[in-house]
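Please examine the structure shown below with care. The paragraphs that follow begin with one pair of charged side chains and then widen the view to the chain as a whole.

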Amino acid sequence: KMERFAGFMRQQALASRPTLQLRQLSFWTSMVNKLQGKRLVGSDNNGNKFWEIDDGGSKPRREIEYNQDMVEFDPLSVPAEWRMWAKGQLKTAPTPEEIARSEAIRANTLKLAHELDEEEAKRKVAVAAEAGPQAPSTWDPNQRN
């Protein structure tokens with residue numbers, strides 16, 4: 001029984017190590033970021049993090065730390081406002097309200113485009129119905145004049 005108990009305790013100790021190592025890694029990562037002048041500006045709903053790095057230049061460098069593996073990454077999963085900020089097109093980081101407003105505008109635009117597509121399809125059907133049945137073609141590509 002004592003051996004089983006010792007085995008159980010070893011398993012518990014091994015199971016708790018990754019958590020401790022992750023905490024230590026997180027601490028050291030944050031220390032390195034501070035030493036490099038790296039400052040977390042924000043994050044998006046997909047878990048991507050946006051950093052500003054002051055390396056002594058005229059303006060700070062901006063970086064995106066993606067939450068996904070780059071093989072599966074879709075650049076359009078990053079909100080347009082954050083992409084604009086990263087490229088330096090926006091001076092300040094976007095607020096959640098700005099992102100939500102832009103998402104609502106995009107959703108409305110997609111809805112209107114879908115409605116226009118449906119109307120165009122109905123119009124084409126109506127035009128085809130007005131034209132009536134088409135006369136069969138009498139031209140035969142195998143027939144010579």
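Lys 38 and Glu 63 form a salt bridge, with their closest N and O atoms 3.7 Å apart. Lys 38 belongs to strand β1 (residues 38–43) and Glu 63 to strand β3 (residues 61–65), so the pair ties together parts that are 25 residues apart in sequence. A salt bridge is defined here as a side-chain nitrogen of Lys or Arg within 4 Å of a carboxyl oxygen of Asp or Glu. In general, side chains of opposite charge can pair when their charged atoms come close. The pair does not stand alone, for Lys 38, Arg 61 and Glu 63 are linked in a network of salt bridges.

This is a predicted model, in which local features need pLDDT of at least 70 and side-chain atom pairs count only at pLDDT 80 or more, whereas totals for chains, interfaces and linings use all residues. Residues are numbered from 1 along each chain as its sequence is written, and side-chain values use heavy atoms, with hydrogens and water left out.

How accessible are the two partners, Lys 38 and Glu 63? A residue is called buried under 20% relative accessible area, exposed over 50%, and partly exposed in between (1.4 Å probe, protein chains only). Lys 38 therefore counts as buried, at 18% relative accessibility, while Glu 63, at 28%, counts as partly exposed. Across the chain, buried residues make up 12% of the 145 residues.

The elements may now be placed in order. The chain holds three helices and three strands, and from the N terminus on they run α-β-β-β-α-α. Helices (H or I, at least four residues) and strands (E, at least two) are DSSP runs, numbered from the N terminus.

A further salt bridge joins the side chains of Arg 106 and Glu 81, at 3.8 Å from N to O. Arg 106 lies in helix α3 and Glu 81 in helix α2 (residues 80–86), so this pair ties together parts that are 25 residues apart in sequence. Glu 81 is buried because its relative accessibility is 10%; Arg 106, at 33%, is partly exposed. Helix α2 also contains Arg 83, which is partly exposed at 26% relative accessibility. The C-alpha atoms of Arg 83 and Pro 94 are separated by 10.0 Å, and these residues are 11 apart along the chain.

Helix α3 deserves a closer look. Its 36 residues (residues 96–131) should span 52 Å at 1.5 Å a residue, and its end C-alpha atoms are 53 Å apart, which agrees. The expected span is 1.5 Å times one less than the number of residues. After α3 comes Gly 132, whose phi is positive, near 75°.

Within this helix, the side chains of Glu 120 and Arg 123 meet in a salt bridge of 2.7 Å, N to O. Why can the two be described as about one helical turn apart? Glu 120 and Arg 123 are separated by about one turn because they are three residues apart in helix α3. An α-helix has 3.6 residues a turn, so residues three or four places apart point the same way. Glu 120 is partly exposed at 33% relative accessibility, as is Arg 123 at 44%.

Asp 117 also has its place in helix α3, and counts as exposed because its relative accessibility is 54%.
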